[in-house]
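The following exercises concern pockets, cores, salt bridges and backbone geometry. Each task is followed by a solution in steps.

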Amino acid sequence: MQFRPKSRGYLKLRDKNPWSRPKFYPNYFHHQWDLEVLLEATKEAIRISQTPAMKALGSRIHDIPLPDCAHLHFGSDDYWRCSIRTLSFTVHHQVATCRMGPKGDPTAVVDPELRVYGVHRLRVADTSIIPNPITAHTNAASYMVGEKLADMLKADWDSYRRKKTKIVFENEDSFLHSLYLLHRVSCSQ
């Protein structure tokens, strides 16, 4: 698995309908370095499979060529590159499709409080806001983003509620009288 690919995909909106599915352009192996990293990983896995410890477990290479790569010499670098391209797939853990960043960043979609630039009262709370791929499963990151947004929304709501429920007392006596009444009510329950 390539944890830090240099290739970058993108998505586009199909149309103005919010229910239309977006168009994904993953651009796998657009950057040659990504393919070479996986080629070296494949060679290392083969090397490990040929150690005495692995041989004792019955380890062997499945040497039936892939149909799409049968025209290449099995085991050559070109064969393994072809097999990597043929067998690679996403595990649907895309990130950075709604990238978080400062207002001046042309690739940023949301601000640090997860508000979508240019759209009033819309926030995004999933791994799409993570600017770069992480070297881990995205499940924990999804929870973290959701919890952080929940904390931000609660803080916003508390701030809003405090502004709306401002209590003004005419003088100190009315304040003390209110405290006394609250105390009596809470003690009588």
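**Exercise 1. Characterise the lining of the second largest pocket of this predicted model: how do its residues divide into nonpolar, polar and charged?**

Solution.
Step 1. The lining of the second largest pocket comprises eight nonpolar, seven polar and four charged residues.
Step 2. The volume of the second largest pocket is about 560 Å³.
Step 3. Its lining has 19 residues, and Leu11, Leu13, Pro22, Thr97 and Cys98 are the closest to the centre.

**Exercise 2. Describe the largest pocket: what is its volume, and which secondary-structure elements each supply at least two residues of its lining?**

Solution.
Step 1. The largest pocket has a volume of about 1,600 Å³.
Step 2. Its lining consists of 46 residues, with Gln2, Pro5, Tyr28, Phe89 and Thr90 nearest the centre.
Step 3. At least two lining residues come from each of β1 (10–12), β2 (23–25), α1 (32–49) and α3 (77–87).
Step 4. By residue class, the lining of the largest pocket contains 28 nonpolar, 15 polar and three charged residues.

**Exercise 3. Identify the largest nonpolar core: which residues form it, and which helices each supply at least two of them?**

Solution.
Step 1. Eleven residues make up the largest nonpolar core: Phe29, Leu35, Leu38, Leu39, Ile46, Leu66, Cys69, Tyr79, Trp80, Cys82 and Ile84.
Step 2. Helices α1 and α3 each contribute at least two residues to this core.
Step 3. A separate, second core has eight residues, among them Val110, Leu114, Ile129 and Met152.
Step 4. For Cys69, a member of the largest core, the contacts beyond four places in sequence are Tyr79, Cys82, Ser83 and Thr86.

**Exercise 4. Examine the surroundings of Arg85: in which helix does Arg85 lie, and which residues does it contact beyond its neighbours within four places in sequence?**

Solution.
Step 1. Arg85 belongs to helix α3.
Step 2. Arg85 counts as partly exposed because its relative accessibility is 45%, a value between the limits of 20% and 50%.
Step 3. Once neighbours within four places in sequence are set aside, Arg85 is in contact with Phe29, Gln32 and Leu35.
Step 4. Arg85 and Tyr28 are separated by 57 residues in sequence, and their C-alpha atoms are 8.4 Å apart.

**Exercise 5. Analyse the salt bridges: how many are there, and which residues are linked in a network with Asp78?**

Solution.
Step 1. The count comes to ten salt bridges.
Step 2. One of the pairs is Lys43 and Asp77, whose side chains meet at 3.2 Å, N to O. This pair links distant parts of the chain, with Lys43 in helix α1 and Asp77 in helix α3, 34 residues apart.
Step 3. Lys43 is partly exposed at 30% relative accessibility, and Asp77 is partly exposed at 31%.
Step 4. Arg81 and Asp78 form a salt bridge at 3.0 Å, N to O. Because they are three residues apart in helix α3, about one helical turn separates them.
Step 5. Arg81 counts as buried at 18% relative accessibility, whereas Asp78 is partly exposed at 47%.
Step 6. Glu36, Asp78 and Arg81 are linked in a network of salt bridges.
Step 7. Lys154 and Asp151 also form a salt bridge, at 3.8 Å, N to O. These residues are three apart in helix α4, so about one helical turn lies between them.
Step 8. With a relative accessibility of 51%, Lys154 counts as exposed, while Asp151 at 43% counts as partly exposed.

**Exercise 6. Consider the positive phi values of Asn27 and Arg121: in which loops are Asn27 and Arg121 found?**

Solution.
Step 1. Asn27, which is not a glycine, has a positive phi of about 55°. Asn27 is located in the loop between β2 and α1, and its relative accessibility of 28% makes it partly exposed.
Step 2. Arg121, likewise not a glycine, has a positive phi of about 65°. Arg121 is located in the loop between α3 and α4 (138–164), and its relative accessible area of 77% makes it exposed.

**Exercise 7. Assess Ser49: is Ser49 buried or exposed?**

Solution.
Step 1. Ser49 lies in helix α1.
Step 2. Its relative accessibility is 12%, and the limit for a buried residue is under 20%; Ser49 therefore counts as buried.
Step 3. Not counting residues up to four places away in sequence, Ser49 touches Met54, Lys55, Ser59 and Ile61.

How values were computed
Residues are numbered from 1 along each chain as its sequence is written. This is a predicted model: local features need pLDDT of at least 70, side-chain atom pairs count only at pLDDT 80 or more; totals for chains, interfaces and linings use all residues. Side-chain values use heavy atoms; hydrogens and water are left out. On a 1 Å grid over the protein atoms alone, a cavity is a set of points where a 1.4 Å probe fits but cannot get out, and a pocket is an open set with protein on both sides within 12 Å along at least five of seven lines; lining residues have an atom within 4 Å of a point. Grid points are joined across faces, edges and corners, and a volume is the space filled by probe spheres set on the points. Helices (H or I, at least four residues) and strands (E, at least two) are DSSP runs, numbered from the N terminus. Ala, Val, Leu, Ile, Met, Phe, Trp, Tyr, Cys and Pro count as nonpolar, Asp, Glu, Lys and Arg as charged, and the others, Gly among them, as polar. Buried means under 20% relative accessible area, exposed over 50%, partly exposed in between (1.4 Å probe, protein chains only). Contact means heavy atoms within 4.5 Å. A nonpolar core is a set of buried Ala, Val, Leu, Ile, Met, Phe, Trp, Tyr and Cys residues joined through side-chain atoms within 4.5 Å. A salt bridge is a side-chain nitrogen of Lys or Arg within 4 Å of a carboxyl oxygen of Asp or Glu.
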